[in-house]
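Let's take a friendly walk through one protein chain, looking at its surface and at its charged pairs. Have the structure open while you read.

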Amino acid sequence: MKYFFVFFITFSPAFCFGQNRSLNEYIRLAKENSATLKSFQDQILSNSLDSLILKATTKTQLNFVSNEMYAPVIKGWGYDEIITNLAQVSGLVQATKIFLSKGNLATQYRKIALQNQSLRDTLLLSTKDLVRTIGEQYITAYGDQLTMDYSKELFDLLKKEEEILKKLAQSNVIKQTEFLAFNITMQQQELTYLQAQIQYNADYLTLNYLAGIVDTTIIRIEEPKLEDSLAHDFYSSVFYRRYVTDSLRIVNERRLIGYSYRPSFNAFTDAGFNSSLQNTPYKNIGFSFGVNIKMPLYDGHQKSLKYQKLDIEERTRLRNKSFFINRYNQQVAQLNIQLRAIDQLFERIKQQVDYTKTLIMAYDKLFETGDVKITDFVVAITNYLNAQNSFRQNFISRLKIINQINYWNQ
């Protein structure tokens with residue numbers, strides 16, 4: 001892809017301090033300072049611990065269990081002794097073990113892995129959004145900087161010609177009214193430059209704000225180095241992968257529902273002191289063991305209803321995926337059409353800038369002899385300014401389009 005540039009006079013305005021900042025530097029700082037990205041990173045780290053927690057729950061669990069109870073019967077009034085045994089004192093060490101099938105356990109691990117993948121997809125998308133936002137604002141600020149430079153270049157040129165025209169007006173080579181018209185044009189150009197400076201300051205500080213940079217010092221920025229990204233396979237992008245992840249999640253949820261309706265089995269054992277204190281309590285030290293088996297029989301058709309909910313989720317996912325793919329293709333095609341149209345204009349705009357600048361330089365030579373009308377020079381200045389603005393607008397539009405294309409393609 002071709003790039004065209006116009007030579008212009010460089011300068012160092014008083015508000016510029018320190019080294020220039022680049023787009024890559026802003027993107028790096030924005031990533032480092034983004035609370036949103038850090039939050040997603042923390043969620044991924046936290047969620048990765050869930051697999052360790054699940055692994056721990058499948059191991060034997062040890063607990064100390066103690067119960068102390070006394071139910072007195074006073075003058076025949078009190079709880080039934082047959083039920084309460086009057087008192088109970090126990091201190092047991094209990095061990096329990098949950099038994100899960102390999103398929104059930106693998107499905108639960110799969111759920112955690114898919115949650116992590118979904119978070120990573122969201123993190124990547126948030127990062128892409130941040131990069132696009134920073135790039136958009138950086139390009140806007142750079143366009144302001146170009147406008148400021150062009151305005152300063154033109155003002156410096158007019159300021160240089162002012163002394164020559166002032167002498168010509170004093171010598172009656174040109175009319176005083178013509179010099180006055182020129183002077184007004186120069187003052188207007190100075191105002192244009194000052195307004196461009198104010199606009200750059202505002203957009204530059206906005207760029208700092210978006211990147212999380214707490215600094216109000218105004219400095220210059222470098223030209224954004226953006227390259228046209230090659231079209232890639234959409235089906236390997238994070239935009240599509242999030243729909244794949246969601247599909248795998250729904251499939252895994254079905255499996256989890258199925259496993260929840262299968263028999264569950266766990267074993268327990270305990271040892272310690274357990275007594276009602278009614279008969280030889282010193283001998284009530286022992287142990288017990290057993291198993292618990294749970295078989296779902298009927299729950300009001302909840303299983304069917306849960307499957308129906310997943311069916312609705314899958315239909316929604318397919319509809320959203322189809323809509324997004326169509327929008328993606330339309331968006332990328334539209335951006336490429338706009339980029340080609342701008343590229344076709346660049347050569348003609350560049351020629352116009354060169355022609356108008358050459359004309360101004362020619363007028364500059366004629367001023368020394370007074371062989372040029374001020375009105376003609378002002379018209380040439382206006383044409384040059386319009387050509388420069390046209391070049392700047394197309395150049396900035398091109399960068400913004402490339403920034404958008406890179407968002408969708410990278």
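## A greasy spot on the surface

Start on the outside of this predicted model. Phe99, Phe265, Val291 and Ile293 come together there as a nonpolar patch, and their accessible area adds up to about 380 Å².

Take Phe99 as an example from that group. You'll find Phe99 in strand E2, which covers residues 87–99. Its relative accessible area is 40%, so Phe99 counts as partly exposed. That label fits because partly exposed covers the range between under 20% (buried) and over 50% (exposed).

## Salt bridges, and a buried pair

Now for the charges. How many salt bridges does a search of the whole structure find? The search turns up 15 of them.

One to look at is the pair Arg220 and Asp149, where the closest N and O atoms sit 2.9 Å apart. This pair links distant parts of the chain, 71 residues apart: Arg220 is in the loop between helix H5 (176–210) and helix H6 (238–260), while Asp149 is in helix H4 (residues 102–170). Are these two partners buried or exposed? Arg220 has a relative accessible area of 16%, so it is buried. Asp149 is buried as well, with a value of 2%.

## Helix H4 meets helix H7

Helix H4 has another charged residue worth finding: Glu153, whose side chain meets that of Lys357 in a salt bridge, at 3.3 Å from N to O. Because Lys357 lies in helix H7 (residues 302–367) and Glu153 in helix H4, the pair ties together parts that are 204 residues apart in sequence. Both Lys357 and Glu153 are buried.

## Helix H6 meets helix H7

Helix H7 also takes part in a salt bridge through Asp311, and the partner is Arg254, with 2.0 Å between the closest N and O atoms. Arg254 belongs to helix H6 and Asp311 to helix H7, so this pair ties together parts 57 residues apart in sequence.

What about exposure here? Arg254 has a relative accessibility of 29%, so it counts as partly exposed. Asp311 comes in at 32%, so it is partly exposed too.

## A little network

Salt bridges can also join up into a group. Which residues are linked in a network of salt bridges? Look for Arg21, Glu25 and Asp215: these residues are connected that way.

Conventions
Residues are numbered from 1 along each chain as its sequence is written. This is a predicted model: local features need pLDDT of at least 70, side-chain atom pairs count only at pLDDT 80 or more; totals for chains, interfaces and linings use all residues. Side-chain values use heavy atoms; hydrogens and water are left out. Patches are made of residues with over 30% relative accessible area and no salt bridge: like charges are joined within 9 Å, nonpolar side chains (Val, Leu, Ile, Met, Phe, Trp, Tyr) within 5 Å. Accessible areas come from the Shrake-Rupley method with a 1.4 Å probe; for residues, only the protein chains shown count as cover. A salt bridge is a side-chain nitrogen of Lys or Arg within 4 Å of a carboxyl oxygen of Asp or Glu. Helices (H or I, at least four residues) and strands (E, at least two) are DSSP runs, numbered from the N terminus. Buried means under 20% relative accessible area, exposed over 50%, partly exposed in between (1.4 Å probe, protein chains only).
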